[in-house]
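This report goes through one protein model, part by part. Please keep the sequence and the structure in view while reading.

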Amino acid sequence: MQLSEQEINRRQKREELMRMGIDPYPAQLVDVTTTVADIRSAFQPDGPGTDVAPEQDFSGDERWGNVQLAGRLMIIRISGSASFAELQDSTGRIQLYFRRDDICPGEDKTLYNTVFKKLLDIGDIVGVRGHIFSTKTGELSVYVKEFTILNKALRPLPVVKEVVNEKGEKETYDAFTDPEQRYRQRYVDLIVNPQVRDVFVKRTKLVNSIRQFLSQKGYLEVETPILQPIHGGATARPFRTHHNSLDMTLYMRIANELYLKRLIVGGYDGVFEFAKDFRNEGMDRTHNPEFTQVEFYVAYKDYIWMMDTIEEMVEKVALDVAGTTKVTVGENVIDFKRPWKRLTMFEAIQEYTGVDVSGMEEDELRQVAESRGIKVDSTMGKSKLIDELFGDACEPNLIQPTFITDYPVEMSPLTKKHRSKPGLVERFEAICNGKEIANAYSELNDPLDQRERFEEQLRLAERGDEEAMALDEDFLRALEYGMPPTAGVGLGIDRLTMIMTNQPSIQDVLFFPQMRPEKKQEQSEEKDFVEAGIPAEWVPAVQKLGFLTVDQIRTANPNKLFNDLGGVRKKLKLEAKMPTLDDVKSWIGQ
């Protein structure tokens, strides 16, 4: 592993601490008595911007005269016998004040002069004990009397610099903003961009709000299998795996619908599950192969009741998470206050295309789709073509929460036929900010009709539709025992969180989104450098300067490389004879 100069330096500091008898990774419990947020709320109830009287000292206060905090050092400012630092815990940041004679009251000043000043780095985790006070400028601080190293960080954090410009405005430099790095190293993102943590706190509030809403209505939270012998409950391409002991193919669930309906058959009036589902499909800003949704099913209800329920539930979520029904998303303000707009699917397509597709057959639908530039192929049946038309013409225009209802029967193999509209089913999707956030049915409970729908899906699969549903004989057997009239819904947690937190990508609301494999940095071996004419004793110096391959060194400026080699020779304490400029030029091929 090629280490940077800072990484080597930190490892050396770790070894020095251990030589001094200081364990840089102690095992004992850390007695934390307060947090940064507790301190600020006590002294600055209106937030960190609130003034605190300068030079106040609370060393004699019963609560604030002896506090213990733990966190990560984010700033260190060394200044002789007194220094400042900034500690970040899970709730915020606060300034620390270190005075040599308080840290080391006796003759031995090693703890301050050596450990604090020379062996601590930004990113190290420490515990401190002291009292609260305010500086001459009124900055709330902790006057440190004791400190303990809890973890020596061996990698440096990205340094985010803030400066105040001539206008008095804060400007940030070298921020950790590259999406690839942020998603791949979420742990670093959470450290240096604390505002990201707020997104995930709100996500938890959102989930808790839904859980509370459903539990208070008396519905039972359950768990169903993630590994399933048949992928069902949605139209999507599954991930497959193999179970060795059973010698059978299993599928990562694409939905938990069919298992929850089995529980309704078994006698529960209402069940719900927060489910991790997996679909082997493309990735974009609203799709991740692994995603979370809540599905719930309630006996003796229909899709009209479910629309009212979803409105009520999501309005409550907005109030719990954002404190208001109005949420800013990009340039739009979305209002979740009930009631939401309702359109049938055919009404929506006609409104946004000017074409009535309600009576069209497959060939006509294909022509309409092609006329709009939609890519179609022979595997697409009526349902797929209508879905593509709706997605192209309607979805992007549905910004405010809208229910799209009454879908064609071909699009919904698990949905009850409409009570008064032949050829349609009792289904709705809730669309918001141009994307579906919920999908619901009056659930099909006629086992013979369900079998026919499954068989139609098999015919689509034979035509090459990889997303068609499989026929689930056990589910059909369950329906034959009788399932009461039922309303069911699946609501996407990730997409709803994107909206409630104003995040542009699903990757911003997943702690660890799926990523392509990280590219390994190429590195030539020592023999490759030697064959290129570089003496073996100088290879470590060349690599230290960041030239990890022979091709990289071919692009170097010979004069700069010559000068840099002199500096790194001292750092590495090389005894090798210094090369001449002509030697260096020959390495580069000049």
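## Strands 1, 2 and 3

Ala85 stands opposite Leu96 in strand 3. The model is a predicted one, and this pair of residues is a good place to begin. Strand 2, residues 82-89, and strand 3, residues 92-99, run antiparallel and are joined by eight bridges. The link from strand 2 to strand 3 is a hairpin of two residues. How much of strand 2 is buried? Six of the eight residues of strand 2 are buried, so the strand is mostly covered by the cut-off of under 20% relative accessible area.

Strand 2 also pairs with strand 1, residues 67-77. These two strands run antiparallel, with five bridges between them. Leu73 stands opposite Leu87 in strand 2. The hairpin of strand 1 and strand 2 has four residues between the strands, and in this hairpin Gly80 takes a positive phi near 60°.

## The barrel

In what order do the five strands close into a barrel? The order is 1-2-3-5-4, and the pairing is mixed. Neighbouring strands of this sheet are turned against each other by 55° on average, with direction ignored.

The antiparallel part of the mixed pairing includes strand 2 with strand 3. Strand 3 and strand 5 (residues 140-151), in contrast, run parallel and are joined by four bridges. Leu96, the residue opposite Ala85, has Val142 as its bridge partner in strand 5. Helix 2 (residues 36-43) lies across strand 1, strand 2, strand 3, strand 4 (125-134) and strand 5. The helix runs at about 90° to strand 3.

## Asp124

Asp124 is found in the loop between helix 4 (110-119) and strand 4. Is this residue, Asp124, buried or exposed? Its relative accessible area is 0%, which is under the 20% cut-off, so Asp124 is buried.

Leaving aside neighbours within four places in sequence, Asp124 is in contact with Arg10, Gly71, Arg72, Leu73, Leu119, Asn151, Lys152 and Ala153. One of these, Leu73, is the residue that stands opposite Leu87. Asp124 and Leu87 themselves are 37 residues apart in sequence, and their C-alpha atoms are 9.8 Å apart in space.

## Two further sets of strands

An open sheet of three strands has the order 9-11-10, with antiparallel pairing. Its edge strands are strand 9 (227-228) and strand 10 (240-243), each of which pairs on one side only. Strand 10 and strand 11 (residues 248-252) are antiparallel and share four bridges. Arg240 has Tyr251 as its bridge partner in strand 11.

Strand 14 (residues 326-329) and strand 15 also pair in the antiparallel sense, over four bridges. In strand 15, Ile334 is the bridge partner of Val327. The hairpin of these strands, 14 and 15, has two residues between them, and Gly330 there takes a positive phi near 60°.

## Backbone details in three loops

Pro339 is placed in the loop between strand 15 (332-335) and strand 16 (341-344). The peptide bond from Arg338 to Pro339 is cis, with omega near -5°.

Which phi value does Asn502 have? Phi of Asn502 is near 55°, a positive value in a residue other than glycine. Asn502 lies in the loop between helix 15 (493-501) and helix 16 (526-531). Its relative accessibility is 34%, so Asn502 counts as partly exposed. Lys573, in the loop between helix 19 and helix 20, has a positive phi near 55° and is likewise a residue other than glycine. Lys573 has a relative accessible area of 71%, which is over the 50% cut-off, so this residue is exposed.

## Helix 19 and helix 20

The axes of helix 19 (residues 558-571) and helix 20 (residues 581-588) come within 9 Å and cross at roughly 120°. Helix 19 and helix 20 are therefore oblique to each other. Their crossing is right-handed.

Which residues make the contact? From helix 19 they are Pro558, Asn559, Leu561, Phe562 and Leu565, and from helix 20 they are Leu581, Val584, Lys585, Trp587 and Ile588. By class, the contact of helix 19 with helix 20 has eight nonpolar residues, one polar and one charged.

Definitions and conventions
Residues are numbered from 1 along each chain as its sequence is written. This is a predicted model: local features need pLDDT of at least 70, side-chain atom pairs count only at pLDDT 80 or more; totals for chains, interfaces and linings use all residues. Side-chain values use heavy atoms; hydrogens and water are left out. Axes are lines fitted to C-alpha atoms, for helices over the stretch in contact, and angles run from 0 to 180 degrees between N-to-C directions. Angles under 35 degrees count as roughly parallel, over 145 as roughly antiparallel, 65 to 115 as roughly perpendicular and the rest as oblique. A crossing is left-handed if the near helix is turned anticlockwise from the far one by less than a right angle, and right-handed if clockwise. Contact means heavy atoms within 4.5 Å. Ala, Val, Leu, Ile, Met, Phe, Trp, Tyr, Cys and Pro count as nonpolar, Asp, Glu, Lys and Arg as charged, and the others, Gly among them, as polar. Two strands pair if DSSP finds at least two bridges between them. Buried means under 20% relative accessible area, exposed over 50%, partly exposed in between (1.4 Å probe, protein chains only).
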